[in-house]
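The exercises below ask the reader to work from a model to its helices, their packing and a few individual residues. Each task is followed by a solution that proceeds step by step.

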Amino acid sequence: MAFDPVTDYPLGTRRPDLVTTPSGLGLDDVTLAGARAGSLAPDDARATAATLALQAEVARAAGRVQLADGIDRAAELTRVPDDELLAIYTALRPGRSSTDELGAWAARLDELGAPHNAAFVREAAEAYRARGLTADG
């Protein structure tokens, strides 16, 4: 059955068949009993890029383009390892990184398949540079 972002929202109620964990478990398999029994992995509490993409479609259908764009960026970040994501977050704090360092993080995001986030980091680097908020002044 095709996905309809208007009638299939909320996904968990109307289309739970479309929601899975990173390990492939269905939404019905993610239970407190399963967690207590140890049958869930920590990643089973994470959203997948596919689920986030569906949520972005829902937001676009409702006319919430900026929200949809944010969800699309979140979907891209599911491909970024946790340690690198934390390092990028830290690097984006004003005064923490040089313009070149932020450029290197943007390039890394491109490598990881996160072009919208890479563009965000490049935009931040330019804004920080213009305001004197980079480590290199």
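## Exercise 1: Helix H3 and the residues around it

H3 is followed by Gly63, whose phi is positive, near 80°. The model is a predicted one, and the values below are computed from it.

**Task.** Determine whether the span of H3 agrees with its number of residues, and find which of its residues are buried and what covers them.

**Solution.** Begin with the length: the 13 residues of H3, at 1.5 Å a residue, should span 18 Å, and the C-alpha atoms at its ends are indeed 18 Å apart, so the two values agree. Next, take the burial, where a relative accessible area under 20% is required; the residues of H3 that are buried are Thr51, Leu52, Leu54, Ala56, Val58 and Ala59. Finally, look at the surroundings, where the cover over these buried residues includes helix H1 (11-14) and H4.

**Task.** Place Thr48 in the chain, and decide whether it is buried or exposed.

**Solution.** Thr48 belongs to the loop between helix H2 (32-37) and H3. Its relative accessibility is 12%, and because the limit for burial is 20%, Thr48 counts as buried. Apart from neighbours within four places in sequence, Thr48 is in contact with Thr20, Thr21, Pro22 and Thr78.

## Exercise 2: The buried side of H4

**Task.** Compare the expected and actual spans of helix H4 (residues 65-77), and explain why its buried residues can be assigned to one side.

**Solution.** The 13 residues of H4 should span 18 Å at 1.5 Å a residue, and its end C-alpha atoms are 19 Å apart, which agrees. The buried residues in H4 are Ala68, Ile71, Ala75 and Glu76. They cover an arc of only 150° around the axis, and therefore lie on the same side of H4. The general background is that an α-helix has 3.6 residues a turn, so residues three or four places apart point the same way. What covers the buried residues of H4 includes helix H3 (49-61) and helix H7 (115-130).

**Task.** Which residues is Ile71 in contact with, leaving aside its neighbours within four places in sequence?

**Solution.** Ile71 has its place in helix H4, and with a relative accessible area of 16% it is buried. With the neighbours within four places in sequence set aside, its contacts are Leu52, Gln55, Ala56 and Ala59. Of these contacts, Leu52, Ala56 and Ala59 are listed among the buried residues of H3.

## Exercise 3: H5 against H6

**Task.** Describe how helix H5 (residues 82-91) and helix H6 (residues 99-111) pack, and classify the residues of their contact.

**Solution.** The two helices pack at an angle of about 150°, with their axes 11 Å apart, and the crossing of H5 and H6 is left-handed. On the H5 side the residues are Glu84, Ala87, Ile88 and Ala91, which meet Leu102, Trp105, Arg108 and Leu109 in H6. The residues of this contact divide into six nonpolar, no polar and two charged.

**Task.** Where do the buried and the exposed residues of H6 lie?

**Solution.** H6 has 13 residues and reaches 19 Å from its first C-alpha to its last, which is close to the 18 Å expected at 1.5 Å a residue. Leu102, Ala106 and Leu109 are buried in H6. They cover an arc of only 60° around the axis, which puts them on the same side of H6. The face turned away from this buried side carries the exposed residues Asp100 and Glu111, whereas the buried residues of H6 pack against H4, H5 and H7. Just after H6, Gly113 takes a positive phi of about 80°.

**Task.** Place Leu92 in the chain, decide whether it is buried or exposed, and name what it touches.

**Solution.** Leu92 lies in the loop between H5 and H6, and at 17% relative accessibility it counts as buried. Not counting residues up to four places away in sequence, Leu92 touches Leu102, Phe120, Val121, Ala124 and Tyr128. For Tyr128, 36 residues apart from Leu92 along the chain, the separation of the C-alpha atoms is 9.2 Å.

Definitions and conventions. Residues are numbered from 1 along each chain as its sequence is written. This is a predicted model: local features need pLDDT of at least 70, side-chain atom pairs count only at pLDDT 80 or more; totals for chains, interfaces and linings use all residues. Side-chain values use heavy atoms; hydrogens and water are left out. Helices (H or I, at least four residues) and strands (E, at least two) are DSSP runs, numbered from the N terminus. The expected span of a helix is 1.5 Å times one less than its number of residues. Buried means under 20% relative accessible area, exposed over 50%, partly exposed in between (1.4 Å probe, protein chains only). The arc is that of the directions from the helix axis to the C-beta atoms. Contact means heavy atoms within 4.5 Å. Axes are lines fitted to C-alpha atoms, for helices over the stretch in contact, and angles run from 0 to 180 degrees between N-to-C directions. A crossing is left-handed if the near helix is turned anticlockwise from the far one by less than a right angle, and right-handed if clockwise. Ala, Val, Leu, Ile, Met, Phe, Trp, Tyr, Cys and Pro count as nonpolar, Asp, Glu, Lys and Arg as charged, and the others, Gly among them, as polar.
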